[in-house]
Amino acid sequence: MAIFLGGETAVVKPKLDELTPRQIVEELDRYVVGQSAAKKAVAVALRNRVRRQKLPDEVAQDVLPKNILMIGTTGVGKTEIARRLARIADSPFIKIEASKFTEVGYVGRDVESMIRELTEISVEMSKNAAYEEVRHLADDNVEEKILDILLPPVGLHYQTQASGDGGETSDSSHDRTREKLREQLRRGDLDDRLVEIDTQDRGNTTIDFVGGQGMEEMGVNLKDMFGNLFPSKTVRRKMKLVDARAALLRDEQENLVDQEQFIRSAIKKAQNSGIIFLDEIDKIAGRESTAGPDVSREGVQRDLLPIVEGTNVNTKYGMVNTDHMLFIAAGAFHVSKPSDLIPELQGRFPIRVELESLTIDDLKRILTQPKNSLIKQYQALLGTEGIQLEFTEDAVAKLAEMTAELNKTTENIGARRLHTLLEKLLEDISFLGNELEEKLQVVDERYVVDRLGGLIQDQNLRQYVL
């Protein structure tokens, strides 16, 4: 029973080292209610990473993560559990569909591309963290640069005995003016003033190679290849001061951080903390067929083997090892079964958890409990045009019952069915918007039945609409 609780609140984020598996589950409970088996499995996997870091190097090297296979229909919380786990751990995270991959030799994406994408995410995370560390110093430097543009410093001059007092007065006046400008700058009074600044030209000097094993989507930076052949070019631009400040801040942060250092940190973070969520793993389950789109299913599984087990993948930042990455695979397995995967791949996912389907009570809570629930989103949207939208308890109960009934009689798409029903339910109100004379719109059970009852009863029509 999974309930997505959107809308994060501003709370002090606990350190990962201090979180026990029970506390990790409690943290996940804030966003996904129920699915205790799945949350317990991922909590233990996350805690084992912390335990591994405290082991001696010779022991830690042999402690490999226990990959997880989640089994459950769409819309029950598989992806959300993995995503929230990555946020708790502050880990690089990527979600990718296994059905996008093709066997080497076919046109399409090779499995190594997901490691390159995870590395890119890790580099971006490390860069942002490095930029944040120098943010205070960079802000101070940028402020001085902007003040120099608004009020250029007094030039050097020869000072005689007769003009000595006048020079001191001039310097003092210049300093007072500079401090006044500083106060106006900090208050934002000068944000709309146009200024000219010198900033680095960030033209695209990257070539993307497509095709060929190991070269798909690998950006090769020409600056790295040819060194000073493409030196950084400074261009002069005129812009508003608020935009100039952002551009100068970015340049200053780049100058203050060591790029090689945060790239090394990013690769280490990806190798030891990276989480890859492989969705739709059931779509590549099954043996070879003679023709059609299934021809490379088993080939994709075999290509996944070394990645999941542990290998080195070449990226534009260097070699990245996958030994200690955590892989979480998920699938509905309506047609196929986990045993339809090739035995070698089954062995790479020793922990298996089955997620439960949503009940009517779960669907009620999805509609009302989250901070930014679907009902609250529609209330906020229509509130911008002066429409006050209210839902009665019996309307929420009826919506949940209809959703559960549709999931039973048609394809079970979990909580995602609520999006379709609510959009259809509020279609007229959304269409008229501020043209409505009655600004208070109350949605009760009768309104729900009038708007959706015909669709629910007409089996042929609901196949197209719902």
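**Close-up 1. Buried residues of helix H6 in the predicted model**. In H6, a DSSP run (H or I, at least four residues, numbered from the N terminus), the residues Ala138, Val142, Glu143, Ile146, Leu147 and Leu150 are buried, that is, under 20% relative accessible area with a 1.4 Å probe, protein chains only. Helix H6 covers residues 135-150, and its end C-alpha atoms lie 22 Å apart, which agrees with the 22 Å that 16 residues should span at 1.5 Å a residue; the expected span is 1.5 Å times one less than the number of residues. This is a predicted model in which local features need pLDDT of at least 70 and side-chain atom pairs count only at pLDDT 80 or more, whereas totals for chains, interfaces and linings use all residues. Residues are numbered from 1 along each chain as its sequence is written, and side-chain values use heavy atoms, with hydrogens and water left out.

**Close-up 2. The largest nonpolar core**. A nonpolar core is a set of buried Ala, Val, Leu, Ile, Met, Phe, Trp, Tyr and Cys residues joined through side-chain atoms within 4.5 Å. Of its 59 residues, Met70, Ile328, Phe391, Leu399, Leu422, Leu425 and Leu426 touch the most other members. Helix H15 (residues 393-409) supplies the largest share, seven residues. A second, separate core of 39 residues includes Tyr131, Phe262, Ile307 and Met325.

**Close-up 3. Packing of helices H13 and H15**. Helix H13 (residues 360-368) packs on H15 at an angle of about 125°, with the axes 8 Å apart. H13 contributes Ile360, Leu363, Lys364, Leu367 and Thr368 to the contact, meaning heavy atoms within 4.5 Å.

Notes:
Helix = DSSP H or I, 4+ residues; strand = E, 2+ residues; numbered from the N terminus. Buried < 20%, exposed > 50% of the residue type's maximum accessible area, 1.4 Å probe, protein only. Axes fitted to C-alpha atoms, helices over the stretch in contact; angles between N-to-C directions.
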